[in-house]
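Here are some short exercises for you to try with the model open beside you. Have a go at each task before you read its solution.

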Amino acid sequence: ISDSGYTIDKTVYAIDNLNVRESPDTKAKKVTLAAKGMEFMITEIGHTETIDGITAPWVKVRLPDGTEGWCFAGYVAARKP
């Protein structure tokens with residue numbers, strides 16, 4: 001659990017089309033694409049990184065269809081966009 005507002009078992013939403021990856025790295029293989037507005041659950045919090053000027057942790061997420069993978073939390077929001 002992180003003090004940045006990202007917590008395990010929290011439902012969040014993609015604020016834009018978002019790559020979900022096998023591991024917390026922009027070079028990792030893409031598992032799927034979460035469409036803008038898609039709801040998913042955070043299952044794990046990873047390391048913090050700065051991407052595109054945004055500093056946030058990587059989070060492991062579970063999509064509605066059960067697919068799991070990592071995405072950069074700088075592109076997720078607590079409310080549907």
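The exercises below go from overall fold to core.

This is a predicted model, where local features need pLDDT of at least 70, side-chain atom pairs count only at pLDDT 80 or more, and totals for chains, interfaces and linings use all residues. Residues are numbered from 1 along each chain as its sequence is written, and side-chain values use heavy atoms, with hydrogens and water left out.

**Exercise 1.** Work out the secondary structure and the compactness of the protein.

*Solution.*
- Step one: take helices (H or I, at least four residues) and strands (E, at least two) as DSSP runs, numbered from the N terminus. The protein has zero helices and seven strands.
- Step two: the radius of gyration, over C-alpha atoms, is compared with the globule rule, 2.2 Å times the number of residues to the power 0.38. The protein comes to 11 Å, close to the 12 Å that the rule gives for 81 residues, so it is as compact as a globular protein of that length.

**Exercise 2.** Find which residues touch the most other members of the largest nonpolar core.

*Solution.*
- Step one: collect buried (under 20% relative accessible area, 1.4 Å probe, protein chains only) Ala, Val, Leu, Ile, Met, Phe, Trp, Tyr and Cys residues joined through side-chain atoms within 4.5 Å.
- Step two: the largest core has 19 residues, and Tyr6, Leu18, Phe40, Val59, Val61, Cys71 and Val76 touch the most other members.
- Step three: E1, E2, E4, E5 and E6 each supply at least two residues of this core, and E5 gives the most, with four.

**Exercise 3.** List the contacts of Leu18 beyond its neighbours within four places in sequence.

*Solution.*
- Step one: count heavy atoms within 4.5 Å as a contact.
- Step two: Leu18 is then in contact with Thr32, Leu33, Ala34, Phe40, Cys71, Phe72, Tyr75 and Val76.

Note on methods. Buried means under 20% relative accessible area, exposed over 50%, partly exposed in between (1.4 Å probe, protein chains only).
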